[in-house]
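I opened this entry to look up where empty space is enclosed in the model and how the strands around it are arranged. My notes follow in the order in which I looked.

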Amino acid sequence: MKSTLKKLLPFAVVGVLSGATTVGALKYFDHTANNGDQSYFTKSSNTSFVGMNSTVIGDDFVKSAKTTVPAVVTIKNYQSRTASSRASEQDLFDFFFGDPLGGRGQQRQKQQQVPDNMPSGMGSGVIISPDGYIISNNHVVAGANKLEVVLSNKKSYIATLVGTDPNTDISLLKIEEKGLPYLNFANSDNIEVGQWVLAVGNPLGLNSTVTAGIVSAKGRGIGILSSQGKAANPIESFIQTDAAINPGNSGGALVNTNGDLIGINSAIQSTTGYYQGYGFAVPSNLARKIIEDIKKFGMVQRGFLGVQSLDLSDEMQVSAYNKQNKTNLKSGSGVYITKFGDNSGAEDAGLKMGDIITKVDNYPITDFADLSVSIGSKRPGDKVQVTYLRNGKENTTTVTLKDQKGGTSTRTKADLSVTEKIGSDFEPLSDRFKTDYGLNSGVVAKNVTEGSEMAKIGIVDNYIVIEINGKPVNSQKDVEKILDRYQGNVQVKFVDEYGRIYTKGFKMP
């Protein structure tokens, strides 16, 4: 009998507890039902999750938000061009991941012109100095003839675009004001996966929105700038976060719990164009280097190793390379050198085709994203220690980085060639082509740079320039001769892909 009672006792206890819980729940919901719209959760000062100091985390978020929100601005991009030509470029999320409007984007493209008093697109920016310097994304300001900056206190300013860099999707603006709230740059190399972060921006027209998440990964290369942007030599080493960001967050701040800037929010990976769990930010160290170059030199100073390479961490890329070249490379870690460019600093330093780069200045190189950011954050003339494998043996050499023309010194805009200043190369037209299309002169625009003077007047690759300042051009030398040391307004006569002839102009930079 006693053994039977012992066996039944636990069930009796569970029954009593279950009954008490049920009665308590019924009384609780009956109570809340009589008190209108109440919380679904009890408010008890005695309960907490084990191992989680929610008070401290909350305080950190509040402190960080109070620091960050006043320094994040709205940027309005005004354009005189038709809505169809730039409709989807004003926010990277729309431009890179399709139309989030569910087909309404096509309706928008049918508009003839965006009204002068309406922005073509909006994004975010971050004040980085009390005298009005603001960092944002290149795509937020692309194509603008007027940029309006609105502070969190609703004060509005017309901004000057100081410079842009499509290769990192970074831009620098300036407004005339003093004593502004601003954010300090943190060392983005020190952030850790799992670290709490806040994203602050103006998504979907909702000003000063703060969301929280963690750093999901570092050094992400997602191919966005090269595949769908206008970057000739993209640098992608994004901070990945699960803090919610949406269209309009572009150019906003990613901060740590101290309110220090660790990244500039740039993109999401999504099937709809809206937040689905992963956002990407340009690391603050890279962003800071870009804007320092723009402020000091008027242009980005970028060093190059001078190699073409294969990312060994990409199994599909390795498989395709093996098939094409009948090799038997194994996927893994590092970057495999396939070819050298002209005036290559790497080749000068003794590197050879087939070497595998594993470190730069003792920074591990596991994939191409690591290599691009470690080299892309350097300037021409900088020396780097490159560690590489050759026939399984580790070696180290010192490489002097060069610019794309083989130079090892920094340059200002005054040092640029004519074609670099206006942002396009030119190839001659064949006599047969001129005859077939009734042209007496012409050169084909090539490698038109995003945001350049040529791009601003609507010229893209393969448009034909027939006259500059009323003079016929038949070669790149003709263009350089006409504009060398020229100051003032430039008149360009060109033909688009449909044979339509335009005459437009810009002021010689």
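**Cavity and barrel**

I began with the second largest cavity, which holds about 60 Å³ of space, and I kept in mind that the model I was reading is a predicted one. My search of the whole structure had turned up two cavities of 30 Å³ or more.

Next I listed the residues that line the second largest cavity, and I found V72, V73, T74, V150, L151, S152, K154, N202, N207 and S208. When I sorted this lining by class, I counted four nonpolar, five polar and one charged residues. I then asked which strand gives the most to the lining of the second largest cavity. I noted that strand β1, residues 72-78, does so with three residues.

From there I turned to the strands, and I recorded that six of them close into a barrel, in the order β1-β2-β3-β6-β5-β4, with antiparallel pairing. I also wrote down that neighbouring strands of this sheet are turned by 40° against each other on average, with direction ignored.

Looking at one pair more carefully, I saw that strand β4 (residues 146-150) and strand β5 (residues 156-165) run antiparallel and are joined by four bridges. Within this pair, I found E148 standing opposite I158 in β5.

Last, I checked what lies across the strands, and I noted helix α8, residues 284-297, which lies across β3 (133-136), β5 and β6 (170-174). Against β6, I read the direction of helix α8 as running at about 50°.

Key. Residues numbered from 1 in each chain as written. Predicted model: local features only at pLDDT ≥ 70, side-chain atom pairs only at ≥ 80, totals over all residues. Heavy atoms only, no water. 1 Å grid on protein atoms, 1.4 Å probe; cavity = no way out; pocket = protein on both sides within 12 Å on 5 of 7 lines; lining within 4 Å. Points joined across faces, edges and corners; volume = space filled by probe spheres on them. Helix = DSSP H or I, 4+ residues; strand = E, 2+ residues; numbered from the N terminus. Nonpolar A, V, L, I, M, F, W, Y, C, P; charged D, E, K, R; others polar. Pairing = 2+ DSSP bridges. Axes fitted to C-alpha atoms, helices over the stretch in contact; angles between N-to-C directions. Contact = heavy atoms within 4.5 Å.
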